[in-house]
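Okay, thanks everyone. I'll take a few minutes to walk through one structure, so have a look at it while I talk.

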Amino acid sequence: MATFDPAELPELLKLYYRRLFPYAQYYRWLNYGGVIKNYFQHREFSFTLKDDIYIRYQSFNNQSDLEKEMQKMNPYKIDIGAVYSHRPNQHNTVKLGAFQAQEKELVFDIDMTDYDDVRRCCSSADICSKCWTLMTMAIRIIDRALKEDFGFKHRLWVYSGRRGVHCWVCDESVRKLSSAVRSGIVEYLSLVKGGQDVKKKVHLSEKIHPFISKSINIIKKYFEEYALVDQDILENKESWDKILALVPETIHENLQQNFQKHHNSLQRWEYLKKAISCQDNTKNDKCGPLLEWEIMLQYCFPRLDINVSKGINHLLKSPFSVHPKTGRISVPIDLQKVDQFDPFTVPTISSICHELDAISINDEGKEGNEAESDIKHRTRDYKKTSLAPYVKVFEQFLENLDKSRKGELLKKSDLQKDF
């Protein structure tokens, strides 16, 4: 794969926006079938340009308008905001207080840096295959709840391009939700609470909510391999002291002594489970599975950025945007293959532009009319690169949105016939 050089970014972006960006699918998504008048026209886009120049309240009439502007500006980053009461690019002409965010997808942002207190392989912006499992578990847990507990159908999961994942819930009813309801949903999905100074961040009560028990069942599938082997969370005194802080002090001494007699995290975890079991508990401390689950949840449960989900006018990085530090494309994730998703094989802007160059050299001499070839290029160029399977995932998502919309329209027309 071609290595990414940030110095080449301006030139690569020109080619990407001219030949590879999937404009038709992107417009089809945000236009939502053109059912609501001016829905696309009232949507805010924000562009971050070279040298961190930041332009908010961009809006466009149609796909062609959006294309022209993106090819003119070549943004380093694209963010998507809310659908407003007026066109965002005219917000200065609207009288004070009248310009309001009205609708937006319900979005979730999960960032690996929020797990720095529990991952041992990397920190801050770095990720590796050993900690990526945290994102796999997060997608599985949050997606199951959105689908089964809330009944949301249209969930687009997207890799951020560096160290996290985003989710866009696009059901029509969800896009209309108030900020208060969004807060309630994200609150329901949050378990790990407390800042850096709080050692014990998960507290379970005797009655376990089904959402928690189902989340624990998902974590159990990954816990041994992820926490005890890859992260080796009981490897040495420094690492096991963090776990002792989560269990009653009455058993600390016993654990300290016995952990030294065992050889690895797997053995120490088995011993820990015995030591906290309820038959040995004479002090009425919390014991048994509850304690075990609290540790598992603190180390593995999704950590959401609550503010991103709460605010209707909050911006979130767009799918198919390019990450300016890694050069990776922000690509949709196939929910059928979450366990196979590997952020390190996601195409970079350099790799797909090189693939395109190689094809273009082969195609030279075959093309006739310049204008005609440009149109042909645009409709199929990404298909010749490693971006193609990710656009396919996106198209499948759009297909389901369309089916849903047609189903709703049929229902409405049938209801009207009944009157």
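Let's begin at strand E3, which runs antiparallel to strand E4, residues 101-103, with 2 bridges joining them. If you want a spot to look at, find valine 83: its bridge partner in E4 is glutamate 103. Before I go on, keep in mind that this is a predicted model.

E3 has other partners too. Strand E1, residues 43-49, is joined to E3 by 5 bridges, again antiparallel. There you can see phenylalanine 47 standing opposite isoleucine 78 of E3. Then there's strand E8, just residues 316-317, which pairs with E3 in the antiparallel sense over 2 bridges. Which residue in E8 is the bridge partner of aspartate 79? That's lysine 317.

So is E3 mostly covered or mostly open? Mostly covered: the strand spans residues 77-84, and 7 of those 8 residues are buried.

Okay, on to the packing. As a reminder, nonpolar side chains in soluble globular proteins tend to be buried together. Here, the largest nonpolar core has 123 residues, and the ones touching the most other members are Tyr16, Trp29, Phe108 and Ile349. Which helix gives the most to this core? Helix H4, residues 129-149, with 11 residues. A separate core of 5 residues lies apart from that one, and its members include Ala82, Tyr84, Val94 and Phe99.

Let me zoom in on isoleucine 349. Setting aside its neighbours within four places in sequence, isoleucine 349 is in contact with Phe4, Leu9, Leu12, Leu13 and Tyr16, and also with Val322, Gly327 and Ile329.

Last topic, cysteines, since somebody always asks. How many disulfides does the structure hold? The count is 0. Remember, a disulfide is a covalent bond between the sulfur atoms of two cysteines. Take cysteine 167: why no bond there? The closest cysteine sulfur belongs to cysteine 170, and at 8.0 Å it's too far for a bond, given that the cut-off for a disulfide is sulfurs within 2.5 Å. Cysteine 167 is also buried, at 0% relative accessible area.

Cysteine 300 is in no disulfide either, and its nearest cysteine sulfur, in cysteine 121, is 12 Å away. Buried or exposed? Cysteine 300 is buried, with a relative accessible area of 0%.

That's it from me. Happy to go back to any of these spots.

Technical notes
Residues are numbered from 1 along each chain as its sequence is written. This is a predicted model: local features need pLDDT of at least 70, side-chain atom pairs count only at pLDDT 80 or more; totals for chains, interfaces and linings use all residues. Side-chain values use heavy atoms; hydrogens and water are left out. A nonpolar core is a set of buried Ala, Val, Leu, Ile, Met, Phe, Trp, Tyr and Cys residues joined through side-chain atoms within 4.5 Å. Buried means under 20% relative accessible area, exposed over 50%, partly exposed in between (1.4 Å probe, protein chains only). Helices (H or I, at least four residues) and strands (E, at least two) are DSSP runs, numbered from the N terminus. Contact means heavy atoms within 4.5 Å. Two strands pair if DSSP finds at least two bridges between them.
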